[in-house]
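Visitor: I should like a close look at a single part of this model. Please describe one strand together with its surroundings.

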Amino acid sequence: MALTLSTMAPLGSSAPPFELSDTNGKIVSLGDFKASPALLVMFICNHCPYVKFIRESLAKVTREFIERGVAVVGINSNDVSNYPEDSPEKMKREKEAAGYAFSYLFDETQSVAKAYGAVCTPDFFLYDSERKLIYRGQWDSSRPGGAVPTTGEDMARAVNATLLGHAVSSKQTPSMGCNIKWKSA
């Protein structure tokens, strides 16, 4: 596992378009979320210890976001030929086992991860109603093996500010996790 920090894309950037299959084979696109007051795009996978560590709070907190009208998608961009535990079939099982309420999409070409500037799992991008980037950073300050419980507090703070019409603080801590498993050229 190579510890990788988020590249911290520029705030105010527009959400890149995507059209990806979910775990049921349905095509999901950026345009499907036009009516949502905010959009959370998460780059995650099945096998990363950092994603596994926040798995329970990720399922719980994103479910609460969705109930409040926030659109949430998880995207797996890993090379499944070298990491078969991240295959679409296993993504479907993971979605069910974890209780994820969000669409879990597969980025087979890795072009969406590259467009977003995602480099690690988990890597988070929160957009406002105009799909401008307002938060990119850590889920919370917990880490595998640490004493801090995983709550999603950093992301919840950003989502709550957005839903209340307040500015999200630009003081943001990069997410950290395993590097995205890129295909060899």
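Guide: What follows is an account of strand β4, its neighbours and a cavity in the structure. The model is a predicted one, and β4 comprises residues 39–43.

The strand is mostly covered, with five of its five residues buried. Burial extends to both faces of β4: L39, V41 and F43 lie on one side, L40 and M42 lie on the other, and all of these are buried.

β4 pairs with two strands described here, β5 and β8. With β5 (residues 71–76), β4 pairs in the parallel sense, over five bridges. F43 has I75 as its bridge partner in β5. With β8 (residues 123–127), β4 runs antiparallel, and five bridges join these two strands. On that side, the bridge partner of M42 is F124 of β8.

The connection to β5 involves helix α1, residues 49–67. Together, β4, α1 and β5 form a β-α-β unit, and this unit is right-handed.

Helix α1 also leads to the cavity. The structure holds one cavity of 30 Å³ or more, and the volume of the largest cavity is about 110 Å³. Its lining consists of 13 residues, of which I54, P122, S142, R143 and M176 are the closest to the centre. α1 contributes the most to this lining, with three residues. By character, the lining of the largest cavity divides into eight nonpolar, three polar and two charged residues. Thus the helix that takes part in the right-handed unit with β4 and β5 is also the one that gives the most to the cavity lining.

Terms used
Residues numbered from 1 in each chain as written. Predicted model: local features only at pLDDT ≥ 70, side-chain atom pairs only at ≥ 80, totals over all residues. Heavy atoms only, no water. Buried < 20%, exposed > 50% of the residue type's maximum accessible area, 1.4 Å probe, protein only. Helix = DSSP H or I, 4+ residues; strand = E, 2+ residues; numbered from the N terminus. Pairing = 2+ DSSP bridges. Right-handed = clockwise from strand over helix to strand, strands pointing away. 1 Å grid on protein atoms, 1.4 Å probe; cavity = no way out; pocket = protein on both sides within 12 Å on 5 of 7 lines; lining within 4 Å. Points joined across faces, edges and corners; volume = space filled by probe spheres on them. Nonpolar A, V, L, I, M, F, W, Y, C, P; charged D, E, K, R; others polar.
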